[in-house]
Amino acid sequence: MLTSLPVELILKIFALLDWRTTLVCRGVCKFFRSIAEGERAQYEIELAVSGMVDGPPSPFATSDRLALLKERNAAWESLRWVESQDIPMTDGHIWELYGNVFAQSSMPNVLHFRQLPSKYRKIEEKTWGVALDIHVRDFTMDPAQDLLVLVEEPSLPSTDITTRSIRIHLHSLTTGDRHRLAPQPATLRVVHDPDLQNVRATYTLQVCDNLLGILISHPEDADSELTIWDWTTGKVILVIARSSSEIATFTFLSSRFLLVGSVLDSEAINIEARLYVFDISQPSSERLDLGADYFCAFLWPKFDFWTSLLTFSIRADPSPVWQPNPEVQLPFSTAPGDRLFIMTVSLVNNGRIASFDMFVPAKTLLSHIEALPTEVRSHEIEWDKWGPIGTRLMQSLSHPSPWVCYVFGTKFASLVEPTHISPQTLEIRDFNQLAMKRDAKVHGGISHHVHDTTVIRKVFADEIHTSLPYRVVKRTLPPRSSPEPFFAAAMCSEDSLILVDVSIPHAYRNERFSNSVPPPAV
C-alpha cells in the first residue's frame, strides 16, 4: 500500500500533485488528510484559488508565502489599503500602466517610469527616466522582458511618394539602449499608403512574450491593418487587412491564438460585431483577409435597426503568458492564462449614446476553440453557443475614458456613476470562479456574489440574457471637502489601485493594499 512507503517519499509524491488531486486525497485517510492540511498543500490550494502561481526559490519560506498571500487576498476582498501616494502627471501626452510599472512622457522626448511598490510581495518603489533621441508618438512596455517599444512620430507624406514606413524601435526599459534580444538594427518597419501616415492615425500596441502586434487605424475610415511580429527576430508572422469588416481592436488570447474584434459593414441592416480568431502558430507570408482567412469567429448578438456602433475595444492585462522576471524573486504572481477580457461597445440608439461592457473569461473562448478540429477554417460559433452562460453583458458603470487600464487578471475596477457629488463609490468586480466557489468571508467591506441573469431589452435585435457569476466588492470613498480630489476613473495593477484625480491637472493617486493597520482617509 502507498501508506507503507517511507513518509519522506509520500511527501515528495504529494508535492507533485495538483491542488485538485490533493483535495481528493484528503478524504482517503487521516494520514493523507494531515498531509493535505499541511502548510505546503494549503499554500498550493491558496495559490490556485487566488489565480496565482508560486515564485522562484528565494529566502521566502512556504509559511511566509502563505501568510503574505492570505494578507493580500484579505486586502482585496475588503478593499482595505494603508498607503496613499499622489503621483503628479508630467506635461507629456502619452502614458502606460503595465506589469506594475507606471510610465508617462514629458517634453522634450523623455519617458518617466515608476515601479509601484508592494508590501506583501516586498517590491520597493523605484523611479527612473529614459531620454530619447526620437519624437515618440506612442509606446508600450513589458517590464518582465525589460522591453520598451516606441513608435516614432511619422513625418507628413510628400505628394511625390506612394508609400512610407512607420518606424518601431525596440529598447531596454531600464537603460533606453537597444534591447539585447532585438534584431540588428533594433527597428521594425510598417509600410503603408501615405494617407495612413496622417498625424491623426492611431496606434494600438500589444506585447505577448516574443510577439508584438500593432494595429494602425484612421478616424476617417481608411483601411486599417494589423501586423504581428516576432520582435526578437524582426520576422513578420501575420498581416491582417480589413475586407467588408473593420478591424476595430485586437488582443492576444494565448500564445497561439490572436483575437480580433470587428464590426461588419455599417451599411448592413443590422450591425454585427464579431470576434475573429487567428492561429499565429502558422505564420503566413501573404496578407490575410479578415473576413475570409480566420480560424473561427465568435458572433455577437445582432444590434437592432436603430443602433449605430461608435467604438469597439477589448482590454485584458497582462498578456496571457506574462510572468515577472524570475531574477526579481517574488514570492508569487498572477497565473498565466487566467484572464478576463473586457469588451466595450459605445453606440447610439434612438439618438442616445450608451456603452456596454461584456465580461468574457479566456476559458469561455478557449474551451470552444480547443474543441474544434485543427484543420477547421472559418468556423462560426453562434452567440447562443458561447455567450449566455459564459459571459456577462452589462451597461457600463461610467462613460468611456482614456484611462483604460481598468482590468488585471480577473478583476475589473470602476467608479460607480462618478459625479461631482460626494461620496464616490469604488467597485471591484472579480470573475475568479474558484474564489467564488470557496465563498471566502469578507470583513470590513461590502461584498456579495451575483448569480442572477442580466437582461438587456434594448439595443440588440433580440432580448439578451447573460449569467456568468461574479463577486462584487465596494468601498465608499470618504466625503471630500473642496480641496480634496474628485476621481474621474479607477485603474488597477497587480498590487495597486490608481484613482485618476481631475481636480488638479495631471495628478494621480495610488492606493496600495495591505491590511496590517487601519486604512487612511482618502
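Here is a short briefing on the cavities, one pocket and one sheet of this structure.

This is a predicted model, in which local features need pLDDT of at least 70 and side-chain atom pairs count only at pLDDT 80 or more, while totals for chains, interfaces and linings use all residues. Residues are numbered from 1 along each chain as its sequence is written, and side-chain values use heavy atoms, with hydrogens and water left out.

**Cavities**

- The structure holds five cavities of 30 Å³ or more (a cavity is a set of points, on a 1 Å grid over the protein atoms alone, where a 1.4 Å probe fits but cannot get out; grid points are joined across faces, edges and corners, and a volume is the space filled by probe spheres set on the points).
- The largest cavity encloses about 170 Å³, and 14 residues line it (lining residues have an atom within 4 Å of a point).
- Nearest the centre of the largest cavity lie Trp76, Glu77, Lys411, Asp430 and Arg471.
- Two or more lining residues each come from helix 4 (39–50), helix 5 (62–78), strand 28 (425–430), helix 8 (433–438) and strand 32 (470–476) (helices, H or I with at least four residues, and strands, E with at least two, are DSSP runs numbered from the N terminus).
- Helix 5 gives the largest share of this lining, four residues.
- By class, the lining of the largest cavity has five nonpolar, three polar and six charged residues (Ala, Val, Leu, Ile, Met, Phe, Trp, Tyr, Cys and Pro count as nonpolar, Asp, Glu, Lys and Arg as charged, and the others, Gly among them, as polar).
- The second largest cavity has a volume of about 130 Å³.
- It is lined by 15 residues, with Arg72, Phe408, Gly409, Thr410 and Lys411 closest to its centre.
- Four nonpolar, seven polar and four charged residues make up the lining of the second largest cavity.

**A pocket**

- The second largest pocket has a volume of about 630 Å³ (a pocket is an open set with protein on both sides within 12 Å along at least five of seven lines).
- Among its 29 lining residues, Gln115, Pro143, Ala144, Asn325 and Val328 are the closest to the centre.
- The lining of this pocket divides into eleven nonpolar, nine polar and nine charged residues.

**A five-stranded sheet**

- Five strands form an open sheet of mixed pairing, in the order 11-12-13-14-18 (two strands pair if DSSP finds at least two bridges between them).
- Strand 11 (202–208) and strand 18 (287–289) are at the edges with a single partner strand each, so one side of each has no neighbour in the sheet.
- Strand 14 (residues 235–241) pairs with strand 18 in the parallel sense over three bridges, and Ile240 stands opposite Leu288 in strand 18.
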